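Colleague: I have the two chains open on my screen and would like to talk them through with you. Could you start with the terms I need?

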Amino acid sequence: MVETGDVHEEILFRPIEQTGRGFYWTVAVLSVFILWGVVAYVTQYYWGLGVTGLNEPVSWGFYVTNFVFFIGISHAGTLISAILRLSKAEWRRPITRMAEVITVMVIFIGAGQILIDLGQPDRMLNVLRWGRYQSPLLWDATSISAYMSASLTYLYLPMIPDIAILRDRPGGKRKLLYSVLALGWTGTEQQHRVLNRAIAVMGVLVIPIAVSVHSVVSFVFSMTLQPMWHSTIFGPYFVVGAIFSGIAGLIVAMIVFRKAYGLEYYLKPIHFRYLGQLLLIMSLFWFYFTFSEYLTGYYGAEPEEMKVFWSKFDGTFAVFFWGMVLCNLVIPLACLARLAQHTVVKVLAASISVIVGMWLERFIIVVPSLSSPRLPFPPTTYWPTWVECGETAGSFALFALFYVLFTKFFPIISIWEIREGREVGIKEVEERVLSYLPGEVEGQS
Amino acid sequence: MALWGMVIDLDRCTGCQACVMACKAENNVPAVGVDQAKRGRIISWMQVLTESDEQNPENKMRFVPRPCLQCDDPPCTKVCPVYATYRNPEGIVGQIYGRCIGCRFCMAACPYNAKYFNWYTYQKEKPGQNPDVSLRPKGVVEKCTFCHHRLQKARAQALAENRQFDPREYVPACAESCPAQAIVFGDLSDPGSEVARLAQSPRAFKLLEELGTKPKVIYLTEGEGGG
């Protein structure tokens with residue numbers, strides 16, 4: 001019998017055991033957007049991709065932008081959680097679960113974007129039957145499915161003790177589900193040892209997989225000969241952008257659930273300050289990569305590259321380009337430079353800005369290169385229709401719905417890890433700090 | 001084995017678009033209508049591009065008929081995740097309409113924009129279509145195949161008549177229809193063929209040759225008489 005939550009943790013069970021009006025309203029609003037997305041997709045499936053704004057030569061638009069964007073957001077979770085766990089950052093404890101859930105939910109939405117983009121979605125299994133490994137799209141399929149399974153495992157493992165707590169709570173719901181998922185967890189020392197080992201192994205494993213995912217997503221573009229796509233920096237550039245937008249996504253999710261479920265007791269300003277600083281660092285990293293990428297293109301001054309370059313700096317796409325710079329660099333710097341006061345509000349503002357900015361960044365990578373063909377074709381512009389807007393809104397709403405539903409089934413903050421922090425963490429940290437210091441440590445030989 | 005190629009003499013091209021129309025009729029290429037055309041969705045396997053002369057833009061236009069260039073190192077085939085587009089041993093870049101999943105990666109990768117997408121179901125079977133070329137459903141990419149069905153037909157004919165196949169029996173619709181005889185087609189691997197001879201001309205050049213795609217459609221620049 002696992003001991004069933006002390007008084008402190010009661011608030012974490014509340015969303016699972018009680019359902020208020022807020023929940024139904026949220027689901028209703030999200031469903032409207034999802035319905036829009038469904039209607040849009042049915043229309044597109046029936047009539048063909050002609051109902052979108054895509055054309056020749058801009059044959060990729062919102063869907064591919066969304067694909068890169070969502071896969072990027074999914075980086076936050078597992079990667080950040082793994083790095084914080086491995087580096088024994090004690091402040092991670094209330095954050096890791098939220099981060100891992102984002103990854104798992106968003107990666108399905110992201111992979112779905114490619115299926116939405118297909119002209120013949122019913123033939124998608126041809127990728128297995130006739131798969132050509134020379135195509136970067138197949139690298140994506142491999143890498144993303146590896147990441148899906150790894151992050152699902154990495155989300156599930158640390159949930160087992162919490163599921164056992166839910167199973168053993170008197171008067172709890174869904175006993176059967178929890179007792180199956182708890183895998184017979186009783187909380188013995190042996191089980192804890194095995195679990196911690198498994199989490200550590202997965203933590204090490206997911207980091208290279210996560211890096212590979214966004215690298216191969218960038219390879220879809222950089223392996224072609226197209227101007228401003230064919231760049232060696234794209235792999236790391238995309239990974240940096242992914243972590244950047246991922247942290248922003250995580251912060252927004254944390255603040256939303258903190259407000260909705262009253263988690264101020266767990267998610268303190270200090271957590272947001274640390275994450276805000278991380279976001280600031282990533283913003284500078286992102287700027288460094290962007291600067292290098294564009295400066296190299298500009299100095300080489302290859303005519304085809306310059307056509308795309310100027311369309312971004314001073315042409316059709318200038319609004320999006322400078323909007324991206326504003327959202328990804330100027331606003332985050334202004335908000336995050338000083339975090340002593342109004343931490344949460346400032347971090348929230350910066351994160352929302354980064355999410356918008358990174359979406360624009362993905363758009364500004366996908367569309368301008370396609371809009372400037374090398375041969376003298378008559379100019380065309382790409383403008384999305386209600387179908388693409390519906391798909392996009394629906395995808396965001398579907399992600400939010402998945403997330404909300406998750407919190408109705410499982411605690412969004414890891415109960416046992418918080419408890420472990422109280423019981424073991426404090427002592428461990430003290431011992432660790434002592435072991436860093438010169439000289440003999442008391443009580444150790 | 002033959003290596004099919006084409007030489008287009010820009011000095012002879014009048015920009016009359018006979019090749020474009022012949023190609024559309026031969027290959028059942030759909031007419032997409034005004035609305036779709038305005039949205040940039042014209043399908044034209046053979047397309048006449050117009051380019052103004054850099055030195056004197058007012059008084060001279062250059063016409064560049066552009067079929068699929070049938071690259072020997074095609075950027076489009078490498079990125080196809082399902083082998084729906086491929087280079088066959090005779091150098092023709094084909095497209096399997098029944099297998100294509102419509103991801104449009106090949107369109108994004110082709111530097112010549114020679115691949116076209118079926119945004120809608122543009123046509124159903126009706127009289128007057130060429131029975132040798134299958135209609136494309138919505139959601140797949142289509143492209144110029146050097147009228148590959150004509151090659152198959154010529155080979156079958158030769159077989160039926162129990163004789164050797166003569167490469168001169170195989171001519172794509174665009175070359176056949178050109179009133180100025182600007183398009184010459186044949187086997188590039190045969191040094192005696194006209195197309196191989198013309199490809200050696202000092203006027204010969206290839207589109208975006210610097211990309212290393214090794215196109216098998218070769219152009220002859222306007223001669224001294226031109227601008």
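Modeller: Let me start with burial: a residue is called buried if 20 or more other C-beta atoms lie within 10 Å of its own. Please keep in mind throughout that this is a predicted model.

Colleague: Fine, so how much of chain B is buried on that count?

Modeller: Of the 227 residues in chain B, 43% are buried.

Colleague: And what is chain B built from, in helices and strands?

Modeller: Chain B contains seven helices and ten strands. Four of the strands make an open sheet with mixed pairing, and their order across the sheet is β8-β1-β10-β9.

Colleague: Which strands of chain B stand at the edges, and why is one side of each left without a neighbour?

Modeller: Those are β8 (183-187) and β9 (204-205) of chain B, and because each has a single partner strand, one side of each has no neighbour in the sheet.

Colleague: How do β1 and β10 of chain B run, parallel or antiparallel?

Modeller: They run parallel, with four bridges joining β1 (residues 4-9) of chain B to β10 (residues 217-220) of chain B. If you want a pair to look at on screen, take Val7(B), whose bridge partner in β10(B) is Ile218(B).

Colleague: What about the overall dimensions of chain B?

Modeller: Its C-alpha atoms fill a box of roughly 50 × 45 × 35 Å along the principal axes. The radius of gyration of chain B is 18 Å, which agrees with the value near 17 Å that a compact globule of 227 residues would have. As for contacts in chain B with a separation of 6 or more, 62% of them are between residues 24 or more positions apart.

Colleague: Switching to chain A, how many helices and strands are there?

Modeller: Chain A has 16 helices and zero strands. Its C-alpha trace spans about 75 × 55 × 45 Å along the principal axes, and its radius of gyration of 23 Å agrees with the value near 22 Å for a compact globule of 445 residues.

Colleague: What share of chain A is buried, and what share of its contacts join residues at least 24 apart?

Modeller: In chain A, 45% of the 445 residues count as buried, and 83% of the contacts between residues at least 6 apart in sequence join residues at least 24 apart.

Colleague: One last thing, is α14(A) mostly covered or mostly open?

Modeller: Helix α14(A) is mostly covered, with 22 of its 29 residues buried. Helix α14 (residues 343-371) of chain A should span 42 Å at 1.5 Å a residue, and its end C-alpha atoms are 41 Å apart, so the two values agree.

How values were computed: Residues numbered from 1 in each chain as written. Chains lettered and ligands numbered in written order. Predicted model: local features only at pLDDT ≥ 70, side-chain atom pairs only at ≥ 80, totals over all residues. Pairing = 2+ DSSP bridges. Helix = DSSP H or I, 4+ residues; strand = E, 2+ residues; numbered from the N terminus. Rg over C-alpha atoms; globule rule 2.2 N^0.38 Å. Buried ≥ 20, exposed ≤ 12 C-beta atoms within 10 Å, placed from the backbone. Contact = placed C-beta atoms within 7 Å. Expected span 1.5 Å × (residues − 1).
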